[in-house]
Amino acid sequence: MATKQTTVDDIVEQAKGAGQVAAKKMFGEYGLYCDGKLVALVCDETLFAKPTEAGRTYLGSVTEVSPYPSAKPYFLVAGERWDDADWLAELIKASAAALPAPTRKRSSERSNKSIS
């Protein structure tokens, strides 16, 4: 079952206290970004937080599952927790703080230059 745009919009709205939170469509589902870092996935109407020690500490007891076949395990975030904006924002903020800054992609112009 594909995730509805309204579900993603609701999660982004609830998590906005974490920083600059946005969702991007990825492989038919969604990636959730905070300050440019991929912090979670939303697949099949379910929220999966990227595993970090900070996230594990914040969640306490975690359930690790793959968001899609052949994916590495992520932390399952129970649907009833999404309604607590402060709680969700803190989870997203803690996860983002624990992740490295995204790497810059090479410019397509530079990578497509031919050598003369």
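Student: In β2, which residue is the bridge partner of Ala23?

Tutor: The model is predicted: local features need pLDDT of at least 70, side-chain atom pairs count only at pLDDT 80 or more, and totals for chains, interfaces and linings use all residues. Residues are numbered from 1 along each chain as its sequence is written, and side-chain values use heavy atoms, with hydrogens and water left out. β1 and β2 run antiparallel and are joined by six bridges, where two strands pair if DSSP finds at least two bridges between them. Within β2, the partner of Ala23 is Leu32.

Student: Which residue in β3 stands opposite Leu32?

Tutor: Strand β2 covers residues 29-34 and runs antiparallel to β3, with five bridges joining them. Opposite Leu32, in β3, stands Ala40.

Student: In what order do the six strands lie in the sheet?

Tutor: The protein chain has four helices and six strands; helices (H or I, at least four residues) and strands (E, at least two) are DSSP runs, numbered from the N terminus. Along the chain, the elements run α-β-β-β-β-α-β-β-α-α. The strands form an open sheet with antiparallel pairing, in the order β1-β2-β3-β4-β6-β5.

Student: And which strands stand at the edges?

Tutor: Each edge strand has a single partner strand, so one side of it is left without a neighbour in the sheet. The two are β1 (21-26) and β5 (64-65).

Student: How many residues of strand β3 are buried?

Tutor: Buried means under 20% relative accessible area, exposed over 50%, and partly exposed in between (1.4 Å probe, protein chains only). Of the 116 residues in the protein chain, 34% count as buried. Strand β3 spans residues 37-43 and is largely enclosed by the rest of the structure, because the buried ones among its seven residues number six.

Student: Is Cys43 buried or exposed?

Tutor: Cys43 has its place in strand β3. Its relative accessibility is 6%, so Cys43 counts as buried.

Student: Which residue of β4 stands opposite Leu41?

Tutor: Strand β4 (residues 46-49) pairs with β3 in the antiparallel sense, over four bridges. The residue opposite Leu41 is Phe48.

Student: Which residue takes a positive phi in the hairpin of β2 and β3?

Tutor: Most residues other than glycine have a negative phi. This hairpin has two residues between its strands, and a phi near 50 degrees occurs in one residue there. That residue is not a glycine, and at 47% relative accessibility it counts as partly exposed. It is Asp35.

Student: What is the phi of Glu45?

Tutor: Glu45 is found in the loop between β3 and β4, and in the hairpin of these strands Asp44 takes a positive phi near 50 degrees. Glu45 counts as partly exposed at 21% relative accessibility. Glu45, a residue other than glycine, also has a positive phi, near 65 degrees.

Student: Which residues gather in the patch of negative charge on the surface?

Tutor: Patches are made of residues with over 30% relative accessible area and no salt bridge (a side-chain nitrogen of Lys or Arg within 4 Å of a carboxyl oxygen of Asp or Glu); like charges are joined within 9 Å, and nonpolar side chains (Val, Leu, Ile, Met, Phe, Trp, Tyr) within 5 Å. One residue here, Asp83, is found in the loop between β6 (74-77) and α3 (85-98). Asp83 is exposed, with a relative accessible area of 66%. The patch gathers Asp9, Asp10, Glu80, Asp83, Asp84 and Asp86.

Conventions
Accessible areas come from the Shrake-Rupley method with a 1.4 Å probe; for residues, only the protein chains shown count as cover. Lys and Arg count as positive and Asp and Glu as negative; His and the chain ends are not counted. The place of a charge is taken as NZ of Lys, CZ of Arg, CG of Asp or CD of Glu.
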